[in-house]
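Biologist: Hi! I have a new structure open on my screen and would love a tour. Could you help me read it?

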Amino acid sequence: MELVDKYMFSFFQDMDALGIRRPNIQPRASMHILDMIEMIKGLIEKGHAYVVDGNVYFDVSTFPDYGKLSGIKYEDLIKHRIEPDPRKRNPADFALWKKAERGYLLKWNSPWGEGFPGWHIECCVMVMKYLGEQIDIHGGGQELILPHHENEIAQAEAYTGKKPFVKYWLHTGFLTINGEKMSKSLGNFISIKDALKKYEADVIRMFILSAHYRSQIDYNEESLRQAEINLTRIRETLDKLHELTEEAKPGGKSPPEVENARKSFIEAMEDDFNTPRALAEIRRLVRAANSYLTTQSRPEVETLKAYYDEILELSRALGLLQDYTPKKSGYPADVSKILDILLSVREELRKRRLYDISDDIRNKLEKIGIIVEDTATGPRIRFLRE
RNA sequence: GCCCGGGUGGCCGAGCGGUUAGGCGGCGGGCUGCAGACCCGCUCUACAGGGGUUCAAAUCCCCUCCCGGGCUCCA
């Protein structure tokens with residue numbers, strides 16, 4: 001139990017750091033042993049399970065739907081790599097309760113003697129206890145399809161008699177690293193904590209969103225770099241839109257691009273969470289906003305706001321930019337004033353074509369995180385995000 | 001060995017019978033004293049290989065190669 005706490009705590013830390021919201025309920029299997037025993041009893045009563053010497057097995061022959069999720073056929077199901085327990089009626093049957101062999105530490109009392117659950121049933125029990133006998137969405141990695149999820153379906157549907165147990169299964173693809181699967185033996189794994197030392201949470205999120213959840217995704221420098229560039233571009237555009245709002249002329253309205261992007265975004269997300277397409281819509285909007293800014297010498301406030309709000313809202317729908325605020329200098333007012341003086345002096349230098357000095361000022365400011373961009377309407381300052 | 005997924009342009013990555021995905025990078029142009037940011041254009045015989053089916057295939061069928069997952073007591 002201590003071990004569980006340790007990893008659970010570490011897991012929560014990582015999830016929080018990644019900006020993943022915590023679920024409302026996070027039940028623990030070991031706290032539901034009695035519920036599992038009840039369910040196993042029910043399955044025996046209904047004739048879907050049988051007891052053999054302290055073990056309880058699910059009788060797959062009583063559940064013709066077995067294999068409907070993975071598409072596995074009965075003939076293939078009875079083939080096996082590991083020799084099955086010969087006392088099973090059928091090699092395809094799976095354990096609901098296992099007898100604890102001598103010296104086995106993790107065990108509980110049950111009507112069938114000391115033992116432990118088959119570890120497929122806890123999910124059904126907890127789902128039914130907290131969510132109901134049938135649920136809309138069940139997630140998990142694709143490696144769980146068989147046998148774990150297949151077994152869940154068999155247990156739950158045989159027990160309740162209601163189909164389907166789950167309407168939509170969301171199976172995520174694997175994460176590889178530099179083209180290879182992560183493994184301890186290859187030593188090429190990366191922890192979330194290490195990744196977060198290198199990239200901020202939003203960059204990692206952007207990286208993951210850039211591929212469909214079902215696809216395998218490869219963690220490598222170049223892909224993370226691309227994610228970072230894409231993220232920065234969105235943020236810079238938001239900064240610019242926000243900044244210009246203050247001096248914009250009144251009037252304007254939400255341009256059609258905003259409505260279109262929103263519609264296409266929703267369409268993409270409704271299509272099995274097609275986040276790459278959804279992101280493309282955000283980028284389209286970002287480009288439209290920038291395009292508007294370059295063609296208008298004096299943009300209109302409502303148009304700017306429409307772009308700003310929509311880009312931010314769509315990004316946040318994907319969990320990006322949750323704590324975004326338009327970038328301000330973060331310097332005290334006095335320092336800002338000094339900076340303004342410095343910039344106006346630099347402008348004067350530029351007018352007098354003393355470019356070596358003005359460029360020197362620009363370079364030195366850049367070294368301390370202040371980027372000066374000379375635009376048609378005068379210098380614009382950008383502050384590097386840490 | 002068997003069963004499922006996949007292999008898309010220099011790179012990432014959608015699409016899954018006919019319509020521009022998108023991004024990164026590169027090239028050219030605009031704006032600039034320069035740089036950057038941004039905008040516009042180009043990068044268009046891209047769809048692992050070989051056979052089919054079809055008026056039409058990256059998309060359907062068959063074979064081969066490669067990668068990932070699974071094949072029941074890890075969940």
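Modeller: Happy to! Keep in mind that this is a predicted model. Let's start with helix α10, where the buried residues include Thr275, Ala278, Leu279, Ile282, Leu285, Val286 and Ala289. Others that are buried there are Glu281, Ala288, Asn290, Tyr292 and Leu293.

Biologist: What do the buried residues of α10 pack against?

Modeller: They pack against α7 (201-209), α8 (221-245), α9 (256-270) and α11 (301-317).

Biologist: How far apart are the end C-alpha atoms of α10?

Modeller: They are 30 Å apart, which agrees with the span you would expect for 21 residues at 1.5 Å a residue.

Biologist: And the loop between α9 and α10, which residue is found there?

Modeller: Asn274 is found in that loop. With a relative accessible area of 17%, Asn274 is buried, because the cut-off for buried is under 20%. Leaving aside neighbours within four places in sequence, Asn274 is in contact with His212, Ala268 and Met269.

Biologist: Switching topic: how many salt bridges does the count come to?

Modeller: The count comes to 34 salt bridges. One of them is between the side chains of Asp59 and Arg89, at 3.4 Å from N to O. Asp59 lies in the loop between β2 (55-58) and α3 (74-77), and Arg89 in the loop between α3 and β3 (94-99), so the pair ties together parts that are 30 residues apart in sequence.

Biologist: Is Asp59 buried or exposed? And Arg89?

Modeller: Asp59 counts as buried, at 8% relative accessibility, whereas Arg89 is exposed, with a relative accessible area of 58%.

Biologist: Which residue forms a salt bridge with Asp360?

Modeller: That is Lys364, with the closest N and O atoms 3.0 Å apart. Both residues lie in helix α13 (residues 355-367), 4 residues apart, or about one turn of the helix. In general, an α-helix has 3.6 residues a turn, so residues three or four places apart point the same way.

Biologist: Neat! Which residues do salt bridges with shared partners join into one network?

Modeller: Arg346, Glu347, Arg350, Asp359, Arg362 and Asp374 are joined that way.

Biologist: Last one: which residues form a nonpolar patch on the surface?

Modeller: Ile25, Tyr130 and Leu131 do, with about 290 Å² of accessible area together. Leu131 lies in the loop between α4 (121-130) and β5 (135-141), and counts as exposed at 60% relative accessibility.

Conventions: Residues are numbered from 1 along each chain as its sequence is written. Chains are lettered from A and ligands numbered from 1 in the order in which they are written. This is a predicted model: local features need pLDDT of at least 70, side-chain atom pairs count only at pLDDT 80 or more; totals for chains, interfaces and linings use all residues. Side-chain values use heavy atoms; hydrogens and water are left out. Patches are made of residues with over 30% relative accessible area and no salt bridge: like charges are joined within 9 Å, nonpolar side chains (Val, Leu, Ile, Met, Phe, Trp, Tyr) within 5 Å. Accessible areas come from the Shrake-Rupley method with a 1.4 Å probe; for residues, only the protein chains shown count as cover. A salt bridge is a side-chain nitrogen of Lys or Arg within 4 Å of a carboxyl oxygen of Asp or Glu. Helices (H or I, at least four residues) and strands (E, at least two) are DSSP runs, numbered from the N terminus. Buried means under 20% relative accessible area, exposed over 50%, partly exposed in between (1.4 Å probe, protein chains only). The expected span of a helix is 1.5 Å times one less than its number of residues. Contact means heavy atoms within 4.5 Å.
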